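User: Hello! I am new to this structure and would like to know how some of its descriptions are reached. Could you take me through a few?

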Amino acid sequence: MEIRPASSDEDFAGYVEVWNAITPREPITVAETRRRLEAQPWRLYLVAEQEGRVVGTGFAGRSDSVGRAFFAVRVLPESRRQGIGMALYDACWPHAAELEATTISGRIAEGDSESRLWAANRGFAEVGRDVELVRELRQEARPVSPEGIEIKEVAASDHDAVYGIAVECWPDMATSEPIPAPSYDDWAQEELRGPVVFGAFERGRMVGYAALVTRPASPKVLEHGFTAVVRSHRGRGIATALKRAQLAWAAGHGYRELVTYTQEGNEPMRAINEKLGYRLQPAWILVRRAVQT
């Protein structure tokens, strides 16, 4: 068996094949993986090759939180219990040191009891859960805006204002600890990679936004980006109106499904999603452990 950083087209094709086999709810493509690596060269993609075939993958990169790295190890079921996962895990650690991480985080599907046990045996403990919801699209009602609010697509000239709302609202996410807002470039890399961003305006001032982003491996599926409303305007139905605008737009442009995530504990957003017909999916378990020095 050989473990090495992915570099060739064959390496990335093997990485994607393993990832999609183990994580079908979040499929990726070679082009998207290469794009992310080009934009964020601190990402490490590893492949484990056995008898000419990629049978396992490893990922190490920065987390959203300061001082934390994120690991993701995947091994095909028929190649497990041979030490491949542990070898990939060990190969990720030097990169965590390069990133000056003090903690390592990961994310495991709720129903994957084997991986949960594997992580627990290596010192990882559950620290929270991401809630995933899915909405199948149909003939959607025309959205109605709250009184005094205009919902419309934002132009490129509005992107600085959109980012300003993200900076204000990012710390309000229901996470176990505050997460600082990303840099403009990192934020734009994620939030502006989709087909449309809606803004909520009051007398010309933007007070909220909601983005839809693409899933390259699922061309008929869109994922919700951040949905944010400034603190002074919450409780007026603006977030719901933004979501309704997204539903109508996506249905009108031939998409069949929207996927969204929220943090366990963010009951207001979860209530909005369920009111709009989103169906709850199995959760993603967030795990973490300290870096031992």
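Analyst: Happy to help; what follows is a short talk about one helix and two loop residues in this predicted model.

User: How do you know that the span of helix 7 agrees with its number of residues?

Analyst: Helix 7 covers residues 238-252, which is 15 residues. At 1.5 Å a residue, a span of 21 Å is expected, and the end C-alpha atoms are 21 Å apart, so the two agree.

User: What makes helix 7 "largely enclosed" by the rest of the structure?

Analyst: Buried means under 20% relative accessible area. In helix 7, 11 of the 15 residues are buried, so the helix is called largely enclosed. Among them are I238, L242, L247 and W249.

User: And what follows helix 7?

Analyst: That is G254, with a positive phi near 85°.

User: Why is R81 called exposed?

Analyst: The cut-off for exposed is over 50%. R81 has a relative accessible area of 73%, so R81 is exposed. You can find R81 in the loop between strand 4 (68-75) and helix 3 (84-98). Its phi is positive, about 65°, although R81 is not a glycine.

User: How do you know that R203 is exposed?

Analyst: By the cut-off of over 50%. The relative accessible area of R203 is 77%, and therefore R203 counts as exposed. Look for R203 in the loop between strand 8 (196-202) and strand 9 (205-214).

User: What is the phi of R203?

Analyst: Near 50°, which is a positive value in a residue other than glycine.

Note on methods: Residues are numbered from 1 along each chain as its sequence is written. This is a predicted model: local features need pLDDT of at least 70, side-chain atom pairs count only at pLDDT 80 or more; totals for chains, interfaces and linings use all residues. Side-chain values use heavy atoms; hydrogens and water are left out. Helices (H or I, at least four residues) and strands (E, at least two) are DSSP runs, numbered from the N terminus. The expected span of a helix is 1.5 Å times one less than its number of residues. Buried means under 20% relative accessible area, exposed over 50%, partly exposed in between (1.4 Å probe, protein chains only).
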